[in-house]
Amino acid sequence: MAKTVLCVDDSASIRQMVGFTLKSAGYEVVDAVDGMDGLDKAKSRAINLVLTDQNMPRMDGLTLIKNLRALPQYKSVPILMLTTESSDAMKSQGRAAGATGWLVKPFDPQKLIEVVKKVIG
């Protein structure tokens with residue numbers, strides 16, 4: 001059974017690129033348009049990995065991570081930030097919120113697959 005990745009990004013082109021990349025590697029991908037949508041979708045189904053952007057309308061990535069980590073079913077689910085933000089201060093905030101790792105856009109599709117395989121197999 002394919003592992004499911006929740007891709008949370010307000011950019012349709014990034015969601016398409018992530019979806020194409022991960023589906024080609026055998027993963028099921030669920031899209032969400034912002035943090036609120038991502039939180040709703042994460043609550044409604046089993047997710048093996050969350051990939052989230054930081055800067056989004058309605059709910060940003062750090063707030064999404066904090067909300068997911070407050071849910072018992074997401075205490076140990078890997079959450080990767082996929083964002084243009086790359087400052088040490090932002091990464092530190094991500095770790096404090098519960099992010100498992102950090103990827104900077106634009107991403108290399110092969111590198112994304114390698115990281116996802118490393119995290120969830």
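1. A good place to start is the pair α1 and α5, which are oblique to each other. The two helices, residues 12–24 and residues 109–120, pack at an angle of about 60 degrees, with their axes 10 Å apart. Oblique is the right word because an angle of that kind falls outside the 65 to 115 range that counts as roughly perpendicular. Please keep in mind that this is a predicted model.

2. The handedness can be stated too: α1 passes α5 in a right-handed crossing. On the α1 side the contact is made by Val18, Thr21 and Leu22, and α5 brings Pro109, Leu112, Ile113 and Val116.

3. Now for the interior. The largest nonpolar core has 23 residues, and those touching the most other members are Leu6, Val8, Val50, Leu68 and Tyr74. At least two residues each come from β1 (4–8), β2 (28–32), α2 (35–44), α3, β4 (79–83) and α4 (88–97). Helix α3 gives the largest share, four residues.

4. Leu68 is worth a look on your screen: beyond its neighbours within four places in sequence, Leu68 is in contact with Leu39, Ala42, Val50, Tyr74 and Ile79. A second, separate core of 18 residues includes Val18, Leu103, Leu112 and Ile113.

5. Finally, Asp53. An unreviewed UniProt entry places the feature "modified residue: 4-aspartylphosphate" there. Asp53 sits in the loop between β3 (49–52) and α3 (61–69). Is Asp53 buried or exposed? Asp53 is buried, because its relative accessible area is 5% and buried means under 20%. Setting aside neighbours within four places in sequence, Asp53 is in contact with Val8, Asp9, Asp10, Gly61, Met81, Leu82, Thr83 and Lys105.

Key
Residues are numbered from 1 along each chain as its sequence is written. This is a predicted model: local features need pLDDT of at least 70, side-chain atom pairs count only at pLDDT 80 or more; totals for chains, interfaces and linings use all residues. Side-chain values use heavy atoms; hydrogens and water are left out. UniProt positions are given in the numbering used here, feature names are shortened, and annotations may be inferred rather than shown by experiment. Buried means under 20% relative accessible area, exposed over 50%, partly exposed in between (1.4 Å probe, protein chains only). Contact means heavy atoms within 4.5 Å. A nonpolar core is a set of buried Ala, Val, Leu, Ile, Met, Phe, Trp, Tyr and Cys residues joined through side-chain atoms within 4.5 Å. Axes are lines fitted to C-alpha atoms, for helices over the stretch in contact, and angles run from 0 to 180 degrees between N-to-C directions. Angles under 35 degrees count as roughly parallel, over 145 as roughly antiparallel, 65 to 115 as roughly perpendicular and the rest as oblique. A crossing is left-handed if the near helix is turned anticlockwise from the far one by less than a right angle, and right-handed if clockwise.
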